[in-house]
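Colleague: Could you walk me through this structure and tell me what stands behind the labels?
Modeller: Sure, ask away.

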Amino acid sequence: MAIEKKEWIRTLKFTLFSISAGVIQFASFALLNGLLVLLNGFQISYL
């Protein structure tokens with residue numbers, strides 16, 4: 001029973017870590033994309 005509880009905790013930690021990485025990626029893309037529009041006057045999505 002203790003091993004099963006540890007696996008659930010490990011799964012929860014991994015899920016939260018993955019979600020936080022996705023949020024950071026989305027936020028940094030949105031910030032840099034907006035910054036490039038302000039600096040260059042046109043939109044650069046991908047280099």
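**What the labels rest on**

Modeller: At 36% relative accessibility, Glu7 counts as partly exposed. A quick note: this is a predicted model, where local features need pLDDT of at least 70, side-chain atom pairs count only at pLDDT 80 or more, and totals for chains, interfaces and linings use all residues. Residues are numbered from 1 along each chain as its sequence is written, and side-chain values use heavy atoms, with hydrogens and water left out.

Colleague: Why is Glu7 called partly exposed?
Modeller: Buried means under 20% relative accessible area and exposed means over 50%, with partly exposed in between (1.4 Å probe, protein chains only). Glu7 has 36%, so it lands in between.

Colleague: And what makes Arg10 exposed?
Modeller: Its relative accessible area is 55%, and the cut-off is over 50%, so the label fits.

Colleague: How do you know that Glu7 forms a salt bridge with Arg10?
Modeller: The term asks for a side-chain nitrogen of Lys or Arg within 4 Å of a carboxyl oxygen of Asp or Glu. Here the closest N and O atoms are 3.4 Å apart, so the pair qualifies. A search of the whole structure finds 1 salt bridge.

Colleague: Why is Leu12 called exposed?
Modeller: Leu12 has a relative accessible area of 51%, which is over 50%, so it counts as exposed.

Colleague: How much of the chain is buried?
Modeller: Buried residues make up 2% of the 47 residues.
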